[in-house]
Amino acid sequence: MSLSRKRKKELRRLQDDATQLWENQQVLVGHAADVAREAGRQLGNFSREQVAPVVQDTYNRRVAPVVDQGVRFGKHVVDDKVVPIVGGVVGTALSAWDVANAKRHGLSAPRARVIVPEKKGLGLGSVVAIVLGAAAAVGVLYAAWQALRADDELWVADDPLTAPDA
């Protein structure tokens with residue numbers, strides 16, 4: 001099956017036009033990538049200059065006081081309610097254990113003064129509040145990262161592709 005010279009010439013011209021169109025599209029896509037890159041840079045600048053201060057101010061005015069109040073309340077509940085109750089229950093159980101051991105061994109119950117050491121360090125409520133605060137901070141950072149990350153759909157190859165041969 002051979003083609004006439006006229007058809008070959010038309011096909012060559014069509015292939016040259018297709019190659020020219022392909023090159024023009026590559027240039028256009030390159031410009032679009034440059035525009036998208038600049039838009040991302042401008043969005044990052046806007047975020048740092050406009051959004052981040054507003055978010056930080058809102059966090060400081062609304063979230064931080066609530067978290068601090070929650071930490072104080074949790075510490076109060078643990079230190080003033082839970083620890084004395086648990087301590088009383090454990091102390092009563094140990095006293096009963098000591099009395100039972102003394103009766104079993106035929107000894108009288110010892111009368112020793114119990115010195116309660118002063119509590120140092122963070123309580124359970126403080127630890128829970130810190131974990132919740134850290135989780136909230138991670139959530140805010142993840143949401144910001146999702147909003148500001150680069151879009152994978154904007155990727156453009158560095159090497160121009162060649163048109164397929166006809």
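This briefing describes a long helix, its bend, its buried residues, a nonpolar surface patch and several salt bridges in a predicted model. Helix α1 covers residues 5-105, and its course is not that of a straight helix, since its 101 residues leave the end C-alpha atoms only 120 Å apart where a straight helix would reach 150 Å. A bend of about 40 degrees is found in α1 at Ser47, and the points below begin with that residue before turning to the surface and to the charged pairs.

**The bend and its surroundings**

- Ser47, the residue at which α1 bends by about 40 degrees, has a relative accessibility of 14% and therefore counts as buried, the cut-off for that class being under 20%.
- Leaving aside residues up to four places away in sequence, Ser47 touches Ala52, Pro53 and Leu148, and Leu148 is also one of the residues that make the nonpolar surface patch.
- Helix α2 spans residues 124-148.

**Buried residues of α1**

- Ser47 is listed among the buried residues of α1 together with Ala33, Gly44, Asn45, Ala64, Gly74, Val78 and Ala102.
- The cover over these buried residues of α1 includes α2.

**The nonpolar surface patch**

- Leu43, Phe46, Val51, Val55, Val140 and Leu148 make a nonpolar patch of about 510 Å² on the surface.
- Two or more residues of this patch are given by each of the elements α1 and α2, and the largest share, amounting to four residues, comes from α1.
- Val51, a member of the patch, has its place in helix α1, and because its relative accessible area is 37% it is classed as partly exposed, a class that lies between 20% and 50%.

**Salt bridges along α1**

- The count of salt bridges comes to five, and three of the pairs are described here, beginning with Glu10 and Arg7, whose side chains meet with an N to O distance of 2.9 Å.
- Glu10 and Arg7 both belong to helix α1 and stand three residues apart, which is about one turn of the helix; Glu10 is partly exposed because its relative accessibility is 33%, and Arg7 is partly exposed because its value is 45%.
- Asp57 and Arg61 form another salt bridge, in which the closest N and O atoms are 3.0 Å apart, and these two residues of α1 are separated by four places, again about one turn of the helix.
- Asp57 has a relative accessible area of 38% and so is partly exposed.
- Lys75 is joined to Asp79 by a salt bridge in which the closest N and O atoms are 3.9 Å apart, a distance that still falls within the 4 Å cut-off.
- Lys75 and Asp79 also lie in α1, four residues apart and about one turn of the helix from each other; with relative accessibility of 35% Lys75 counts as partly exposed, and with 23% Asp79 counts as partly exposed too.
- An α-helix has 3.6 residues a turn, so residues three or four places apart point the same way.

**After the end of α1**

- Gly106 comes just after α1 and takes a positive phi of about 75 degrees.

Key:
Residues numbered from 1 in each chain as written. Predicted model: local features only at pLDDT ≥ 70, side-chain atom pairs only at ≥ 80, totals over all residues. Heavy atoms only, no water. Buried < 20%, exposed > 50% of the residue type's maximum accessible area, 1.4 Å probe, protein only. Contact = heavy atoms within 4.5 Å. Patch = residues over 30% accessible without salt bridge, like charges linked within 9 Å, V, L, I, M, F, W, Y side chains within 5 Å. Areas by Shrake-Rupley, 256 points an atom, 1.4 Å probe, with all protein chains shown as cover. Expected span 1.5 Å × (residues − 1). Bend = angle between axes of the 7 residues up to and from the residue.
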